[in-house]
Amino acid sequence: MSLLPQELHQNDVFFVELPQQLSVTERQLLTLFYQPIVGGKALSLYFTLWAEGEFQAQTPTMHYFLMQTLDMGLQEILKARLALEAIGLVRTWRTSSGEERSFIYELARPLEAGVFFADPLLSMMLYSKIGERNYRNLRARFMEQHKSRDQFTEVTRTFTDVFTPVNSTVPTDLVMPVAMAESKTYPFMQQNFDFALLQSGLQEHLVPAAALTTEVREMIAKLAFLYQLSPLDMQKVVIMALDDDLVISDKQLRKAAADYYKLTVSTVMPQITPVFDKTVVEPTGQSKQQKHLHYLATASPLENLRRLHKGATPSDSAVQLVESLYMRYGLPTGVVNVLVEYVMLITDMKLPKKFVESIADHWRRKDIQTVEQAMQLARSEQHKYSNYKKQIKEPTVKEVTQPASTNGYDGITPYAFLKRLNNGQEPFDFVLAMAEGLVTKHGMPVGVVNVLMEYAMHETDGKVSQKFVETIASNWQQLGIATVEQALEATTAQQEAYRPRVTREHIISTATTYEAMIPYTFMKACLNNQEPFPSMVALAENLVLTYGMPVGVVNVLIEYILQKENGKLPKRLVETIASEWRQQQVNTVDEAKAMLTQHKAPKKYRPRILVCEEQAAGYERYAITPYVFLCELHNGQEPLAKDSKLCEDLVLQHKLPIVVTNVLVEYVFKRKEGLLPRAYVEAIANRWKLNGVTTVEQALAQTEPKPSYSPTITTAPQAENAYDSVTPYQMLKRLANDQEPFANDVKVAEELVTLYGLPMGVANVLVEYVFTLQEGQLPKNYVNTIASKWRAKSIMTVEAALAHVAEQQKAYEERQHNGRRVTGKVEQVPEWLKPTQTQVASSTVDFDKERASILASIGRKE
C-alpha cells in the first residue's frame, strides 16, 4: 500500500480526547492482547497520546513533537496510527483551514477480555501471533469462571419496581437527551458484504430470515473477510451451522467456516497483516519432491483436484467424492490429496467411487495422519501390486504317468486341458487350483478330473464354483469312478431326464387340474414346459411321499410359491408352509386356496386415536380421527398401515391438532396423487409448527397457492439499441417467441439489475447469452456466476457486453475446432510413487567368513 505524503505533515497540529483513566487491567490488555497485533510502535504511540491528552491544554501540539518523542519518522507514525484506527483504539477527525490542518485523536478503551476472545478476527490474529500455548494461558488468566446458574432463578428488581417519578421543575438544558455512547468495537464495514445475494440463496433452502440476527450478520461479514469467502460460499457455511431448531450460534458458525475453509482453500489457517506490510514468501532450498510434498500438505482438496484435471473444472460427482473423504471418513486434507493423486495415477486418470472409498476406509483403519505416511503406504501398495502382476502361476501337475490316449482326457495335464477348453487362453488361477487339487489332494486320476472339469464348465456356462466341483468329485469317489469311461457314463446319466417318483398311482381324484396332475407334470406346466430342476421336483414329491400330503394340495402350494418367488422354490419356505398346513389338516384344494387367501390378506391397522374432541365450526369434515379421515380420502378403502401411523404420529409426536393434521394430510394426498411421503409430510408439519398453525383457517391459508410473480421492473428508458429499451421481462418474452416466460426466470433476470447493479441493457445481453447457451434455460447459479465476473470486469455498457460475448463465443468455437485435449495418463509419474531401489541380499553366504568377522568385532579368537 502506498501511503500518500499529503496524508500527514510534521507541522499539522492535533488535539487528544480521552475517556476516563485507564485501569490496571486495561493496561494489561493493551500490552498482552493488542501489542502482539499492532506492534510495539503503535502501542507506544497510543500511550504517548494518552499521556499528552492528560496534560494537554487548549493549545494544540504538532506532530513534530511525536517524531522527537518516539524517535520515529512521520511515515512510521502514520502506519502506527492506521493500525490503532483499524483495531479500534483511535478515532481520527480532520479539518482544514487554508494550508493549516488540524486533527482530533479520540482515544478509546480496549475491549474486555471476553468480548476480545469472542471476536473471530481479533482472536484469530492474536492466536496467529503468540501461538496456541500462550493463547490458552491468556484465556485462563483473563476469563473468569462464573458459577453455574442452571439451578437458580433471577430475582433482580427493575428500575420501575424500586423508583417512582416525582413532579418537579428542572431546567430544560439539563433534561435534553444526551447522545448515547457508541459501543466499543473496531471499525468494520459490513456493507462490503453482499447480504442480498446471501439471503437469495438461503431462501431456496428454507432458512428463515429471522435466523440472521444483527449479531449473526456481523459474524458472517467478519468470517467472510477472515477466510476470504464469497456470499455463495457463506451460503454453504450458514447451512452447515444451522441446528435442528433453525438457530445459528456463533460457535457453530465459526466452526463451519473453519471446516469449509480447510476443505476448499487451504489447511493453513489465514493470517491477517496490514496491507502495507504484505510480503510474498517463497520457499527456497527445497527439492522438487519436497515442494510437491509441501503442496499436497497445504493445498485444498478441490484445488488439487483441479490441478489433476489440468485446470479444468472437475465434475460434481468427483467434488462430492472428495468432500466425503474429508467430511465422512475424517481424513486430513493432505492425506486426501495423496489418495486422490494415487488413485488417478494408477487408474488412468479415473476416480472410481468404490475403489476410492475402499482405500479411504483402509487408510482410516491404519490411522494415516500425515502426507509422508500416506505416500509411504501408497508406494508400498503399488510395489506389492507390481510384484503380484509379475508373478506367473506355475502348474503343480507338470506331467502325467498315464500314456497318451485317443479319448482326449488321459495323458494331458489339467493346465493344458483347461487351456484347451478356453480356446488357448490362460485359465484362471482358482480354476487351475481346483483341478490340480483334485489330483494332488484327493488322488483322483488326471483323466477323470479333466472329464469332471469339462462337465462342470459346461453345466455352469464357464462360471464354475468350488462347491459345485467338490460335490461332483465327492459323489464320483463314493461311486468308485476311476476311469475316463466311467466318468463319461456318469455325466451322461446325470444329463438324462428326471424320472418322477410320484406317478399316476398316487392320484386319488381328477376333479380339478391340481388333483389330476402329478407334481412333475404340474411344475413343468408352470414353467412353460421347461424342464424343472431335479431338486425342485424331489422337494415337491417329498411332500407327497414323506409327509403324506395330497397331490392337489401340493400343486396349489407349488403354484403359489413359484409365482411369489419368480420361478424359484426355496426349500425352507416350502417346508414352513407345508408344516403349517399339516397342523391345520389341509386335505383339499379348496382348503389350500382358503389358507392362501388368509395368508395374503393384510392385517388391519389398529388406530391409536379413537376419539376427536376438537371442534371446527364450518369445517366439521376435519373434526374426525386421522384414521377415519384417511379412509375417506381412499373412498372407504383400507389405507396403508404406514400412512395411518404417519398421520397419527403428527398428532402424538409432533403435537399438531387433529384438525390441522387432517388439512395437512389432505393437502399432501392431493398434491402427491395419493402418496404420503414421510419426509415431505414431516417437513411441512415442522414448518407449520414453527409458524404457530393451530386452527383449520390457518392451515388452509398455508395450503393456498402463492400469488404468481409480477415483474418489478416495468419501464425501460428510451434507447436506440434493442437491449437498453426493453425490460428483462420483455426481453425474456421476446426470446420465448412471445410466450409467457417462467416467473422464476423473470425473477433471476431482474435480480441482475436490483441485486448486482448491472445496467438494464447489460443484464438483457447476459440473459440472451445464457438463454441461447443453455437452450432456453436460465440456471440461477450459472447466471449469478457470470454476473459476478462481468461486474468484476466492469462491463457496464451494452457494447462492452456484446464484445465480451463475441469473444467468448469465438474462444468456444476455437476449442471445438481444435478438439479437446486428451488428458489420459500423466506424462511423468511423480518420483514419490516410483518404487524405491532396494539392495537385494545374495542368496549364498560364507558362514565361516561371517563368523570370523563377528568374533573379531568382539575381540575374541578361534
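**Exercise 1. Which residue lies over the face of Phe117, and at what distance from the ring centre?**

Solution. The model is a predicted one, and the place to begin is the ring of Phe117. Arg139 lies over the face of this ring, at 4.9 Å from its centre. Phe117 also belongs to a cluster that ring pairs link together, together with Phe33, Tyr34, Phe116, Tyr127, Tyr135 and Phe142. Elsewhere in the chain, Arg621 lies over the face of Tyr622, with 4.8 Å to the ring centre.

**Exercise 2. Describe the ring pair of Phe33 and Phe142, and find which helices hold the two residues.**

Solution. The structure holds 17 aromatic pairs. In the pair of Phe33 and Phe142, the ring centres are 5.1 Å apart and the planes meet at 85°; since planes over 60 degrees apart count as edge-to-face, the pair is edge-to-face. The next step is to locate the partners: Phe33 lies in helix α1 and Phe142 in helix α6, so the pair ties together parts that are 109 residues apart in sequence. Both Phe33 and Phe142 are buried.

**Exercise 3. Work out which residues touch the most other members of the largest nonpolar core, and which elements supply that core.**

Solution. The largest nonpolar core has 42 residues, and within it Phe33, Tyr46 and Leu126 touch the most other members. At least two residues of this core come from each of β1, α1, α2, α3, α4, β4, α5 and α6, and the largest share, seven residues, is that of α6. Turning to Phe33 itself, and leaving aside its neighbours within four places in sequence, its contacts are Gln28, Ala113, Phe116, Phe117, Leu126, Leu138 and Phe142. A second core, separate from the largest one, consists of 34 residues, including Tyr514, Leu543, Leu562 and Val589.

**Exercise 4. Trace how strand β4 is paired and which of its side chains are buried.**

Solution. Begin with the partners of the strand. β1 and β4 run parallel and are joined by five bridges, and Phe14 stands opposite Phe103 in β4. Strand β3, residues 90-97, pairs with β4 in the antiparallel sense over eight bridges; in this pairing Ser96 stands opposite Arg101, and Trp93 has Ile104 as its bridge partner. β3 and β4 form a hairpin with two residues between them, and Gly98 in the turn has a positive phi of about 70°.

Next, consider the two faces of β4, along which the side chains alternate. Arg101, Phe103, Tyr105 and Leu107 point to one face and are buried, whereas Glu100, Ser102, Ile104 and Glu106 point to the other and are not.

**Exercise 5. Are Met349 and Asn635, each with a positive phi, buried or exposed?**

Solution. As background, most residues other than glycine have a negative phi. Met349, although it is not a glycine, has a positive phi of about 65°, and its place is the loop between α15 and α16. The relative accessible area of Met349 is 15%, and because buried means under 20%, this residue is buried.

Asn635 can be treated in the same steps: its phi is positive, near 60°, in a residue other than glycine, and it is found in the loop between α29 and α30. Asn635 has a relative accessible area of 72%, and because exposed means over 50%, this residue is exposed.

Key. Residues numbered from 1 in each chain as written. Predicted model: local features only at pLDDT ≥ 70, side-chain atom pairs only at ≥ 80, totals over all residues. Heavy atoms only, no water. Core = buried A, V, L, I, M, F, W, Y, C linked by side-chain atoms within 4.5 Å. Buried < 20%, exposed > 50% of the residue type's maximum accessible area, 1.4 Å probe, protein only. Helix = DSSP H or I, 4+ residues; strand = E, 2+ residues; numbered from the N terminus. Contact = heavy atoms within 4.5 Å. Pairing = 2+ DSSP bridges. Phe/Tyr/Trp six-rings, centres within 6.5 Å; stacked < 30°, edge-to-face > 60°. Lys NZ or Arg CZ within 6 Å of the ring centre and 35° of its normal.
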